[in-house]
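Me: I should like to learn how to read cysteines, chain contacts and loops in a model such as this one. Could we begin with the cysteines?

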Amino acid sequence: MDAIEKHRRHAEAVRSAATGSAGVTEAALRAAVLARAAGGAPLGQPYDALARQIGEAAYRVTDAQVEEVRVAEGSDKRAFEIIMAASIGAGLAQWDAAIGAIEGTGDATS
Amino acid sequence: MRLPDVERGDSLRGRALIRVISIVSAARLPDAARVAFYHRSFVGPTFGAWTQAAMRGPGDWSVGERELMAAMVGHWNSCAFCIGAHHATAVRGLEPALVDACLADYRTAPISEPLRATLAFLETMTLRPGDLAASDAKDAMDAGVSRTQLADAAAVAAVFNIITRYADALDFTVPTNAEFDRAAAMLLRRGYG
């Protein structure tokens, strides 16, 4: 298995885990947050503000943005899942861009 | 914002690990490890497996070079925790002056041309992923980077583009330099899995 395929399997496993049934929040919400942090469609507040901010510049995330999601979801664990989904969404979009660029060279040698 | 449940742990095992490791290392367990111990039925083990493969798995990049790439992603994303943690780990495998020079400006740092070209690719991937094109990858390959090396480096950057984001969203505590140094020793000994 080449390096791209090895890492692609890991990346897809992470994407599946973030949006699958193992979470305590709604899987559809996590999928929407993951997509939003990668520049996808807006979603309702307070999720939109947090997901967008994590995707664009996480060091500017405010306590209020996290607190509003924590209150809406009702627990730290649920807020944690939303933060992880957004972080993973943005990081995987960058991974997809990198692999697209590498494969776009047409260089199949190792 | 810090989440108290992540800070203290959500299971008996997690709380015990936090307590024991803090005692043994004589330092507060870094927040990155607390996240790894938290909510283990969610993404933690799967993400940990990718992180371990990218940072410690087989490949042409040395552990020090991979840790340098992690520190650079922290730098580009303005993540103080990740800069400190991976600078401290990188300098155990690379010359400290080289790591510092990269963080100041990798374009002029005394590093190999393939590593410099790889960092240029990772910088665009991190800051302007929409602009990343096959020509960027070709530039790196023309500098002597193999397809495998570039994919392995992109995996390091992807993992740390995720970690920097949750580190800042969860407002990770930034340890002292001495604490980062102790944590680096643990990271080299135990890995990320």
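Reply: Let us start with one residue. B:Cys79 has a relative accessibility of 0% and therefore counts as buried. Please keep in mind that this is a predicted model.

Me: How far is the sulfur of B:Cys79 from the closest cysteine sulfur, and which residue holds that sulfur?

Reply: The general idea comes first: a disulfide is a covalent bond between the sulfur atoms of two cysteines. In this case the closest cysteine sulfur belongs to B:Cys82, at 3.5 Å from that of B:Cys79. The cut-off for a disulfide is 2.5 Å, so the sulfurs of B:Cys79 and B:Cys82 are too far apart for a bond.

Me: What is the situation of B:Cys102?

Reply: B:Cys102 takes part in no disulfide, as its nearest cysteine sulfur, in B:Cys82, lies 17 Å away. With a relative accessibility of 1%, B:Cys102 also counts as buried.

Me: How many disulfides does a search of the whole structure find?

Reply: The search over all chains returns 0 disulfides.

Me: Let us turn to the interface. How many residues of chain A and of chain B are in contact, and how much area do the two chains bury between them?

Reply: An interface may be read by its contacts and by its buried area. Here 48 residues of chain A contact 47 residues of chain B. The area buried between chain A and chain B is about 4,100 Å², with 71% of it on carbon and sulfur atoms.

Me: Which polar features link the two chains, and how many are there?

Reply: Between chain A and chain B there are 14 residue pairs in polar contact, both residues being at pLDDT 80 or more. The rule also finds 2 salt bridges across this interface. One of them pairs B:Arg147 with A:Asp2, whose closest N and O atoms are 3.0 Å apart.

Me: Which helices of chain A supply the side that touches chain B?

Reply: At least two residues each come from helix 1 (3-19), helix 3 (47-57), helix 4 (63-73) and helix 5 (76-104) of chain A. Helix 5 of chain A gives the largest share, 20 residues. Sorted by class, the side of chain A that touches chain B contains 26 nonpolar, 11 polar and 11 charged residues.

Me: Finally, where is B:Gly144 found, and what does it contact beyond its sequence neighbours?

Reply: B:Gly144 sits in the loop between helix 9 (134-142) and helix 10 (147-169) of chain B. Apart from neighbours within four places in sequence, B:Gly144 contacts B:Pro114 and B:Gln149. From B:Gly144 to B:Arg189 the separation is 45 residues in sequence and 31 Å in space, C-alpha to C-alpha.

Technical notes: Residues are numbered from 1 along each chain as its sequence is written. Chains are lettered from A and ligands numbered from 1 in the order in which they are written. This is a predicted model: local features need pLDDT of at least 70, side-chain atom pairs count only at pLDDT 80 or more; totals for chains, interfaces and linings use all residues. Side-chain values use heavy atoms; hydrogens and water are left out. Contact means heavy atoms within 4.5 Å. Buried area is the accessible area (1.4 Å probe) that two parts lose on being put together, summed over both. A salt bridge is a side-chain nitrogen of Lys or Arg within 4 Å of a carboxyl oxygen of Asp or Glu. A polar contact is a pair of N or O atoms within 3.5 Å; within protein, one must be able to donate a hydrogen and the other to accept it, and residues adjacent in sequence count only if both atoms are side-chain atoms. Helices (H or I, at least four residues) and strands (E, at least two) are DSSP runs, numbered from the N terminus. Ala, Val, Leu, Ile, Met, Phe, Trp, Tyr, Cys and Pro count as nonpolar, Asp, Glu, Lys and Arg as charged, and the others, Gly among them, as polar. Buried means under 20% relative accessible area, exposed over 50%, partly exposed in between (1.4 Å probe, protein chains only).
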